[in-house]
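Thanks for making the time this morning. I would like to walk you through one chain, going from the overall picture to a few individual side chains, so please have the view open as I talk.

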Amino acid sequence: MDALIGEANECVAYLNGHPCLALLDSGSQVTSKSEQFYREHLSDGPMQPLKGLVRVVGAAGQEVPFLGYVELSISFPRTEAGTKFSRCLC
């Protein structure tokens with residue numbers, strides 16, 4: 001059974017300079033963060049409404065509640081992700 005599940009594709013990411021553990025998912029259209037992480041580390045960036053821009057769904061097409069999006073800088077150690085910097089709406 002252990003051979004069926006590999007290691008998670010995780011690395012360190014810096015969100016506006018704050019380090020966190022991130023799951024690298026190249027097929028994802030949305031990057032999510034917890035409300036607590038936003039309040040503690042990113043609340044200096046204004047929350048923007050997301051309604052009408054994209055429908056956020058989880059497993060089996062269930063709606064995922066969200067507060068909105070923030071624009072932030074994301075950087076990765078080059079040794080972990082092969083790139084140093086990108087900017088995204090998360």
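Let me begin with contacts: of those in the chain with a separation of 6 or more, 30% are between residues 24 or more positions apart. Please keep in mind throughout that what you see is a predicted model. The chain has 90 residues, of which 19% are buried, and its accessible surface comes to about 7,000 Å², with 53% of that belonging to carbon and sulfur atoms.

As for the secondary structure, there are two helices and four strands, and reading from the N terminus the order is β-β-α-β-α-β.

I will take strand β1 next. β1 and β2 form a hairpin with two residues between them, and N16, in the turn, has a positive phi of about 50°. These two strands run antiparallel and are joined by six bridges, and within that pairing C11 stands opposite A22 of β2. β1 is also joined to β3, again in an antiparallel arrangement, by two bridges, and here Y14 stands opposite S75.

Which side chains of β1 are buried, and which are not? In a regular strand the side chains alternate between the two faces of the sheet. In β1, C11, A13 and L15 point to one face and are buried, whereas E10, V12 and Y14 point to the other face and are not buried.

Those three buried residues, C11, A13 and L15, belong to the largest nonpolar core, which has eleven residues in all and also includes A22, F37, Y38, L42, V70, L72, I74 and F76. β1, α1 and β3 each supply at least two residues of this core.

Turning from the core to charged side chains, how many salt bridges does a search of the whole structure find? The search finds two. One of them joins the side chains of E35 and R39, with an N to O distance of 3.8 Å. Both residues lie in helix α1, which covers residues 35-42, and they sit four residues apart, about one turn of the helix. E35 is partly exposed because its relative accessible area, 44%, does not reach the cut-off of over 50% for exposed, while R39, at 52%, is exposed.

R55 and E63 also form a salt bridge, in which the closest N and O atoms are 2.5 Å apart, and both of these residues are exposed. In general, side chains of opposite charge can pair when their charged atoms come close.

I will stop there and take questions.

Definitions and conventions. Residues are numbered from 1 along each chain as its sequence is written. This is a predicted model: local features need pLDDT of at least 70, side-chain atom pairs count only at pLDDT 80 or more; totals for chains, interfaces and linings use all residues. Side-chain values use heavy atoms; hydrogens and water are left out. A salt bridge is a side-chain nitrogen of Lys or Arg within 4 Å of a carboxyl oxygen of Asp or Glu. Buried means under 20% relative accessible area, exposed over 50%, partly exposed in between (1.4 Å probe, protein chains only). A nonpolar core is a set of buried Ala, Val, Leu, Ile, Met, Phe, Trp, Tyr and Cys residues joined through side-chain atoms within 4.5 Å. Two strands pair if DSSP finds at least two bridges between them. Contact means heavy atoms within 4.5 Å. Accessible areas come from the Shrake-Rupley method with a 1.4 Å probe; for residues, only the protein chains shown count as cover.
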